[in-house]
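Thanks for sharing this one. Here are some notes to read alongside the sequence and the model, in the order I would look at things.

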Amino acid sequence: CCALSTVCGTKKVQCPGTHHCIPHWELCDRHQDCEDGWDEEGCPQQPCLPGQWQCRNRVCIMAEWKCNGIDDCGDSSDEDVCAPCPPGMVRCDEGKCILESLMCNDEDDCLDGTDEPSTCGELGMAAGHCPRGWAWREPVTGQPHNRLPACSCQVCSARVDIRSGDLYWLAFIHLSCPRTHVSCRDGTECVAQEYMCDGEKDCADGSDEDGCTQLCNTPGQPTPCQSHEYPCGLGACLNASLVCDGRQDCVDGSDEGGNCSVPCQRSCAHLCYPSPQGPRCWCGPGYRLAEDGLSCMDIDECKEWGEGACSQMCLNAAGSYSCECLPGYSLEPDGHLCKLTGPEPVLLVAVQSEVLSYGLRSGREEVLLATDKDHVVFSLDYDLVERKVFWMDLATESIRWQDLNSGKKGTLVKGVRSDCIAVDWLGRNLYWTDGAAGQVLATRLGATWQGIPEYTVVMDGDLDQPHSLVLQPLAGLLYWSEVGSHPRLMESTMDGSRRHVLLAQGLGWPTALALDLPTQRIFWLDEKLGAVGSARLDGTSVKILKLGWVQSPFAAAVCEGQLYWSEKKTWSVQQVDKASGKNRTVLLKRHGQPHGLQVFTWGAPNPAVPSLVGTNGCAKSNGGCAQLCLPNP
């Protein structure tokens, strides 16, 4: 028999084997909408009962307690959603604030889809009665007869009263952008400052690339031309050897005439060339003319260009620079990028009850392991040494494992609930966060569940909903995010001591962390701000890019030049360039929410090698401990 063609729009999914379509938000809503119940198969457990509301810390409270002025959740999330959204934003029923410009844009930006009600179709209006900020658009000649006159938006956005279903409009001339971003000319979107004048049109109206030549030539700004180039009057740069050669090479002819005939008699460190303004000194590539106008200074490209010079290590030299790679990487022919040597790196992704592997070179997909269909593989990590995958099983409230060589499975610990687990493959421990209890805990990788919990509380007390967690085993360090009333990124040693705040500003809900050890940076995805952020491991050089496709991130990983993350709302795994946030690609999209995600490299290190021990005191003989050893470098 032939397969049924897809009959659903972009906002709906089709029940298998039928022409029945249901909205995305009706999947896993504990109500059977497809006749065969497909929309409720393999769904994660819903801990709250009808009439209850789930807090950020997973506590269930009565729905009517929300916004009653009392912190019933214990994490203030039942009251945080009542605060007014920032200017230019509107709140979804489920509490999230979104830009007003995202209302009625044919995409479900609210998790419950309440930004796309049926009233969004009411844009056909009587001629001459468009709302303020809207212009009347006549039918286009030659278009199908059902193309009706309508109102086209100029500087406004639709706003919907969710409860009444009324549609009204809001003039929206000045969009409020974060300090790291600038508004496009049409006022409908913000782009990162780094995207201005980068040669790519990131604003829909292209305004981020307008006037870039004039911007570079603004008085008080450095000339865009290098010291071996001559600036033409219209902003172009000309090689100095072409100046005063009898030909007009600048469009405006500014490279000829004037004092071109005056001979070069200056004591220039490198070379002297005639110019219409008289003789000038110029320097070779890689050098800059000093303030005395005679001598040349070396340009330190490594310092001035930062991460743009090399993907890993940069070595400055007189008039030049070179890139080098860390052990295990090789330099690409472009002389800038470093790539992993050895077997293909693989992305491990937890989707519902399965763990998939995705080849980052070949794009090859396969199911690496599968659990019972009514179980959900939540957070995951792997052990480089014994080639085991560990994961949080929400259904049994346990941390389980499977050996990738033998297929053998086991349970590490029971009676735990965690959003994130992390493996210290060198010190042979596993850590996890408990947001509700405000704790970070740990147990031995070799532990076997025998009915008695064998784990320890590493940190307790003043943690404000710890969420994501990443480790740096070679240095014996631990990093985590907190998503409570005062979100922040934290660092400590692996025994919980020497705690300090890495970053406490410019954060909303940093729900996914990833370390990029070759560049010594930490990355995070912020669900509340819809942004990707990064900073050096000392908390400096903070960079935040607001990206529209960051909506509901769960986990993240970095490999080479790419940042990967799992997106719960769109049921996808995506990647972007880690430095610019551009070149977004959807790698995986499945019927089921993706959760845990890690980059797996098949080359297993040997902890017995002294260079790998680093400052992790538990790497050798378990630090002399009989049971659990927690590193304190």
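What is the order of the strands in the open sheet of 4 strands that has strand 30 in it, and is the pairing parallel or antiparallel?

1. The order is 30-31-32-33, and the pairing is antiparallel. Strand 30 (421–424) and strand 33 (456–459) are at the edges with a single partner strand each, so one side of each has no neighbour in the sheet. On average, neighbouring strands here are turned by 30° against each other, direction ignored. Please keep in mind throughout that this is a predicted model.

2. For a closer look at this sheet, try the step from strand 30 to strand 31 (residues 429–434). The two run antiparallel and are joined by 4 bridges. Within this pairing, Val423 of strand 30 stands opposite Leu430 in strand 31. Leu430 is worth remembering, as the name returns in point 4.

3. Another open sheet of 4 strands has the order 26-27-28-29, again with antiparallel pairing. Its edge strands are strand 26 (377–383) and strand 29 (409–414), each of which pairs on one side only. From one strand to the next, the twist averages 25°. Inside this sheet, strand 27 (residues 388–393) and strand 28 (residues 398–403) run antiparallel and are joined by 6 bridges. Trp391 has Arg400 in strand 28 as its bridge partner. As general background, strands of a sheet pair through backbone hydrogen bonds, either parallel or antiparallel.

4. Now for the nonpolar interior. The largest nonpolar core has 49 residues, and Leu347, Ile399 and Leu430 have the most contacts inside it. Strand 23 (residues 346–351) gives the most to this core, with 6 residues. Ile399 is a good residue to centre your view on: leaving aside neighbours within four places in sequence, its contacts include Trp391, Leu412, Val413, Ile421, Leu430 and Trp432. A second, separate core has 18 residues, among them Val191, Ala514, Leu525 and Leu547. In soluble globular proteins, nonpolar side chains tend to be buried together.

5. Leu356 deserves a short stop. This residue is in strand 24 (residues 354–359). Is Leu356 buried or exposed? Leu356 counts as buried because its relative accessibility is 7%, and the cut-off for buried is under 20%. Not counting residues up to four places away in sequence, Leu356 touches Leu347, Leu348, Val349, Val351, Glu366, Val367, Leu368 and Arg590. One of these, Glu366, is 10 residues away along the chain, and its C-alpha atom is separated from that of Leu356 by 5.7 Å.

6. Two backbone angles are worth checking by eye. Gln352 is not a glycine, yet has a positive phi of about 55°. Gln352 is in the loop between strand 23 and strand 24, and is buried, with a relative accessible area of 11%. Glu560, also a residue other than glycine, has a positive phi near 55°. Its place is in the loop between strand 42 (553–559) and strand 43 (562–567), and Glu560 is buried at a relative accessible area of 16%.

7. There is also a hairpin to look at. Strand 36 and strand 37 form it with 6 residues between them, and Gly496 in the turn has a positive phi of about 90°. Strand 36 (residues 488–493) and strand 37 (residues 500–503) run antiparallel, joined by 3 bridges. Glu491 stands opposite His500 in strand 37.

8. For the overall picture, the protein has 4 helices and 46 strands. Of its 633 residues, 46% count as buried. The accessible surface comes to about 31,100 Å², with 51% of it belonging to carbon and sulfur atoms. Among contacts between residues at least 6 apart in sequence, 35% join residues at least 24 apart.

9. Finally, a word on confidence. The protein averages a pLDDT of 77, and 77% of the residues score at least 70. Over residues 1–6 the pLDDT is below 50, and this stretch has 6 contacts in the model beyond near neighbours in sequence. The pLDDT also stays under 50 over residues 122–174, where the model has 87 contacts beyond four places in sequence. Where pLDDT is low, the predicted coordinates should not be read in detail.

Note on methods. Residues numbered from 1 in each chain as written. Predicted model: local features only at pLDDT ≥ 70, side-chain atom pairs only at ≥ 80, totals over all residues. Heavy atoms only, no water. Pairing = 2+ DSSP bridges. Axes fitted to C-alpha atoms, helices over the stretch in contact; angles between N-to-C directions. Core = buried A, V, L, I, M, F, W, Y, C linked by side-chain atoms within 4.5 Å. Buried < 20%, exposed > 50% of the residue type's maximum accessible area, 1.4 Å probe, protein only. Contact = heavy atoms within 4.5 Å. pLDDT = per-residue confidence, 0-100. Areas by Shrake-Rupley, 256 points an atom, 1.4 Å probe, with all protein chains shown as cover.
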